[in-house]
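Me: I have a structure open and want to talk through its sheets and ring pairs. Can we go piece by piece?

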Amino acid sequence: MKLENVPTIRDLLDVAPVKHNDRTFIKFIRDEKIIEKKFSEVRSDGLAVCRFLRRNIPERTHIAIISKSTYEYIACMTGILTAGHVAVPIDPDSTASDAAAIINDADATVLIYGEEFSDRLEEVKALCPLLKTAMVISPEKYEKIYEDFSETSEYASLSDINMDPDACCLIIYTSGTTGDKKGVMLSCEALVSNLIFEPYDPIVIRVDTMLSILPLHHIFCFICGYIGPLNVGNCVCLNGEMKDLFKNLLIFKPNQIRVVPLIAQGILARIRGVQAKHPELSPKEAAALVTGGNLDLMLSGGAYLDPALCKAFEPYGILIRQGYGMSEASAKVTLPDPDCPPDSVGRIMSTVDVRIVGGEIQLDTPGMMMGYYKRPEETAEAITEDGWLRTGDIGRVDENRVLYITGRLKNLIILSNGENVSPEGIENRFKANRLVEEVLVYAEKDVIVAEIFPNADFAAQSGITDIKAALEEYTDKLNETALPSHIVAKLIVRDTPLEKTSIGKIKRTHN
């Protein structure tokens with residue numbers, strides 16, 4: 001699917017100051033002070049980086065960027081995307097060997113890194129023979145770039161370039177929950193066309209203050225936490241370190257946040273803790289002491305959102321729903337609205353078509369990837385002969401274009417008797433019990449195993465002294481109504497959390 005007259009990222013930058021009355025766009029904390037950047041300043045700083053890059057790297061190249069989610073990261077990504085280069089975002093928590101593997105696979109010749117990555121820089125250089133240049137991201141360095149390469153400088157014309165909207169501008173590596181990372185190639189048009197949809201409900205795109213929690217090196221976070229707000233006029237507050245979340249909720253008082261379920265669970269636990277200490281407070285008053293008093297919308301992604309968690313937030317006046325998307329589709333496929341059932345993953349966007357083939361969800365979307373970098377065989381497997389994207393997800397669509405996910409094709413457990421078992425379905429039944437903090441279901445020697453990390457706080461509050469016995473009793477209860485192929489024959493209670501990706505997805509190492 002291709003849309004007509006899709007604006008470029010440069011178009012969004014140019015229009016935003018006028019369209020949004022040059023309000024404050026980005027807020028962040030530095031040296032214990034709140035710094036505010038208007039739409040015009042974000043445009044000016046991003047284009048200054050564009051000119052700096054074109055002055056020092058005139059030929060189109062692949063630029064790896066490894067940094068925490070700072071304002072400088074946003075300016076740098078803006079500069080790369082408007083300079084005609086190709087950005088390759090990498091998780092700043094990567095080991096030197098993991099970062100080098102992506103840099104080499106992406107054929108990046110330039111590395112722009114945050115100061116926190118300095119301790120791994122020399123090892124990365126030694127592992128990356130194609131790497132020619134490494135430049136640090138620091139506030140001081142970028143302030144000088146903003147000044148030296150401003151639109152009144154001798155380099156002003158360097159940002160006046162015509163970009164091919166169909167050319168690759170981003171290679172973003174999939175999170176690799178199974179350890180196999182592939183570079184998803186996305187064009188500028190794919191990134192922006194993801195935003196050109198007819199909203200189903202104004203609550204989703206209203207002008208708000210948003211606290212950006214999730215890391216910007218993921219496509220979902222970059223689209224929804226930067227490019228989307230640039231288009232619709234949200235104010236984006238950068239959270240920084242996860243340890244500062246609750247402090248920053250009170251400082252910025254956001255109306256909405258985007259989360260993974262683990263973060264939502266943490267917020268709920270904090271609110272309930274306040275309620276327990278202050279029973280005289282109403283539910284909304286207790287929530288205000290944790291969230292700042294304005295939070296009424298949380299959009300979740302990245303993992304299954306238990307409908308019970310949605311219901312638990314209702315007394316606090318907070319709507320939480322989950323959306324659905326993937327890197328290969330430029331992040332977004334659905335948007336949740338208040339009328340979407342909590343067990344759904346939202347309503348399919350007006351620009352996206354969905355079909356179900358053999359149980360698998362397939363997409364026709366203007367945000368379609370160009371393919372996997374240097375992997376034609378995997379690309380051919382991911383895109384059908386008639387041009388639809390195979391998601392690998394199992395699900396269904398109802399008559400109102402609401403989408404439901406029931407599992408992953410690659411996670412299906414195939415038993416020796418030929419039965420197919422979706423582990424997600426079993427995991428979701430376990431998650432209905434608040435004693436279960438995390439769960440992973442897999443097959444071992446042809447029997448179903450459930451590995452659980454329990455919620456010790458809930459156990460203590462509920463007077464549960466023998467957690468293993470309580471979980472075994474609950475497992476027996478689930479088995480009573482389970483299909484024979486879905487009976488959990490082995491239970492493992494963990495002392496430590498399950499291993500996760502950087503956005504909170506549990507890694508499936510058993511399938």
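Me: How many bridges join strand 1 to strand 10?
Reply: Two bridges. This is a predicted model, to be clear. Strand 1 covers residues 24-30, strand 10 covers 235-238, and they run parallel.

Me: Which residue does Ile 26 stand opposite in strand 10?
Reply: Val 236.

Me: What sheet are those strands in, and what is the strand order?
Reply: An open sheet of seven strands. The order is 2-1-10-9-11-12-13, and the pairing is mixed.

Me: Which strands stand at the edges?
Reply: Strand 2 (33-38) and strand 13 (319-322). Each has a single partner strand, so one side of each lacks a neighbour in the sheet. From one strand to the next, the twist averages 20°.

Me: Switching to aromatics. How many pairs turn up in the whole structure?
Reply: Nine. One of them is Phe 25 with Phe 39, and that pair is stacked. The centres are 4.3 Å apart, with 5° between the planes. Phe 25 is in strand 1 and Phe 39 is in helix 2 (residues 39-56), 14 residues apart.

Me: Is Phe 39 buried or exposed?
Reply: Buried, because its relative accessibility is 1% and the cut-off for buried is under 20%. Phe 25 is buried too, at 0%.

Me: What about Phe 25 and Tyr 226, why is that pair called stacked?
Reply: The planes are at 20° and the centres 5.9 Å apart, so the pair counts as stacked. Stacked needs planes under 30 degrees apart. Tyr 226 sits in helix 9 (residues 219-232), 201 residues from Phe 25. Both residues are buried.

Me: Which residues make up the cluster linked by ring pairs?
Reply: Phe 25, Phe 39, Phe 222 and Tyr 226.

Me: Any charges over rings? Which ring does Arg 270 sit over?
Reply: The ring of Phe 246, with the charged end of Arg 270 3.9 Å from the ring centre. Lys 182 has its charged end over the ring of Tyr 372, 5.0 Å from the centre.

Me: Now the sheet with strands 25, 26 and 27. What is the pairing?
Reply: Mixed, in an open sheet with the order 25-26-27. Strand 25 (436-444) and strand 27 (488-493) are the edge strands. Strand 26 (residues 447-454) runs parallel to strand 27, joined by five bridges. Ile 448 has Val 488 as its bridge partner there.

Me: Which strands does helix 17 touch?
Reply: Strand 25, strand 26 and strand 27. Helix 17 (residues 467-481) makes about 155° with the direction of strand 27. Helix 15 (residues 423-431) also lies across those strands, at about 150° to strand 25.

Terms used. Residues are numbered from 1 along each chain as its sequence is written. This is a predicted model: local features need pLDDT of at least 70, side-chain atom pairs count only at pLDDT 80 or more; totals for chains, interfaces and linings use all residues. Side-chain values use heavy atoms; hydrogens and water are left out. Two strands pair if DSSP finds at least two bridges between them. Helices (H or I, at least four residues) and strands (E, at least two) are DSSP runs, numbered from the N terminus. Contact means heavy atoms within 4.5 Å. Axes are lines fitted to C-alpha atoms, for helices over the stretch in contact, and angles run from 0 to 180 degrees between N-to-C directions. Rings of Phe, Tyr and Trp (its six-membered ring) pair if their centres lie within 6.5 Å; planes under 30 degrees apart count as stacked, over 60 as edge-to-face and the rest as tilted. Buried means under 20% relative accessible area, exposed over 50%, partly exposed in between (1.4 Å probe, protein chains only). A charge sits over a ring if NZ of Lys or CZ of Arg is within 6 Å of the ring centre and within 35 degrees of the ring normal.
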